[in-house]
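The following exercises are to be worked through with the sequence and the model at hand. Each task is followed by its solution in steps.

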Amino acid sequence: MAALEHPGSAVGSQSDKAESGGERGPVTLSDGAVVLRPWKSSDAAFMVEASREPAIERYNGTAPASEADAVAVIERIQESWRAFEVEGHPTGTAFVIVDAALDEPVGMCGVDHWSSTDVAQFGYWLAAGARGRGIATRAATLMTGWLFELGAARVFLTIETDNAPSVAVARRVGFTCEGTLRAFGVWQGQRRDVDVFAVLPDEWPLGGDH
Ligand SMILES: CC(C)(COP(=O)(O)OP(=O)(O)OC[C@H]1O[C@@H](n2cnc3c(N)ncnc32)[C@H](O)[C@@H]1OP(=O)(O)O)[C@@H](O)C(=O)NCCC(=O)NCCS
């Protein structure tokens, strides 16, 4: 595992009820510098503007074509939050990454899948203007800590091998590269290699008593 920097712990998590198996409410996570909060329909303009960026469209998928499409995406995310509140599995839930100092949305961090064997996969993107300050590293750290709080047995990321900034985020957070899925992805008709990065609960520096 690479040398790691852990910028903070999940102070302010409102997910305690989930851990104890009781009724769950909306989740907000923060380390003081970065806040992860659920998406609201008023974030639609930000989603459209920020995600219409070549690197985000390449690695995270096509941006919503309009504000109305973004509202529909946010409504699906909100449905996933309601399902999480009932069932406890966060597949499809997603947070807005907020720069706490500016109180402005700067990115997205979402749970792609939670399996029947408690394996969680998530992804992220940052608006171009918010990069280079450690915000994605903080967001991914908060997300990973929350998934372990929920009982994940394994948390993983899939990252195209040539996506150096995202590989660097995974390594800084504490994920280990387990190998390369050769020719797993496709981009503009070309097969691409994809790396699998994972972390287990007993490797998680913020796990244990936190
Ligand atoms: C992947 C992505 C989120 C990474 O963003 P990023 O800004 O490079 O990552 P961070 O916010 O963690 O910032 C890291 C940078 O800030 C610097 N930094 C400054 N303060 C820091 C701190 N406290 N902690 C960590 N890094 C810090 C790091 O040195 C690094 O700089 P470098 O790129 O010059 O080495 C961004 O490139 C992106 O959105 N790309 C397009 C979509 C995408 O690839 N999504 C992932 C799909 S798998």
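**Exercise 1: The nonpolar core**

The largest nonpolar core holds 51 residues, and those with the most contacts inside it are L36, I97, C109, A139 and M143. Helix α5 (residues 135–149) gives the largest share of this core, nine residues. A nonpolar core is a set of buried Ala, Val, Leu, Ile, Met, Phe, Trp, Tyr and Cys residues joined through C-beta atoms within 7 Å. The model is a predicted one, in which local features need pLDDT of at least 70 and side-chain atom pairs count only at pLDDT 80 or more, while totals for chains, interfaces and linings use all residues. Residues are numbered from 1 along each chain as its sequence is written.

Task: state with which residues L36 is in contact, leaving aside its neighbours within four places in sequence.

Solution.
- Step 1. Two residues are in contact if their C-beta atoms, placed from the backbone, lie within 7 Å.
- Step 2. With neighbours within four places in sequence left aside, L36 is in contact with T28, L29, F95, I97, C109, A139, L142 and M143.

**Exercise 2: Confidence and fold**

Task: determine the mean pLDDT of the chain and the pattern that the chain follows along the sequence.

Solution.
- Step 1. The mean pLDDT (the predictor's confidence in each residue, from 0 to 100) is 89, and 87% of the residues reach 70 or more.
- Step 2. The pLDDT is below 50 over residues 1–22, a stretch that has 55 contacts in the model beyond near neighbours in sequence. Where pLDDT is low, the predicted coordinates should not be read in detail.
- Step 3. The chain has six helices and eight strands; helices (H or I, at least four residues) and strands (E, at least two) are DSSP runs, numbered from the N terminus.
- Step 4. Their pattern along the sequence is α-β-β-α-α-α-β-β-β-α-β-α-β-β.

**Exercise 3: Two helices and their buried faces**

Task: identify the buried residues of α2 and of α6.

Solution.
- Step 1. A residue is buried if 20 or more other C-beta atoms lie within 10 Å of its own, exposed if 12 or fewer, and partly exposed in between; C-beta atoms are placed from the backbone. Of the 210 residues of the chain, 35% count as buried.
- Step 2. In helix α2 (residues 44–51), the buried residues are A44, M47, A50 and S51. They line one face of the helix, because they fall within an arc of 145° seen down its axis; the arc is that of the directions from the helix axis to the C-beta atoms.
- Step 3. These residues of α2 pack against α3 (54–60), α4 (67–87) and β5 (119–126).
- Step 4. S166, V169, A170, R172 and V173 are buried in α6. They cover an arc of only 165° around the axis and therefore lie on the same side of α6.
- Step 5. The cover over the buried residues of α6 includes α3, α5, β6 (154–160) and β8 (190–199).

**Exercise 4: The shell around the ligand**

Task: which residues come nearest to the ligand, and which element gives the most to its shell?

Solution.
- Step 1. A residue is near the ligand if its C-beta atom, placed from the backbone, lies within 6 Å of it. R131, G134, A136, T137 and P165 come nearest among the 24 residues around the ligand.
- Step 2. At least two residues of the shell are supplied by each of α3, β5, α5 and α6 (164–173), and α6 gives the most, with five residues.
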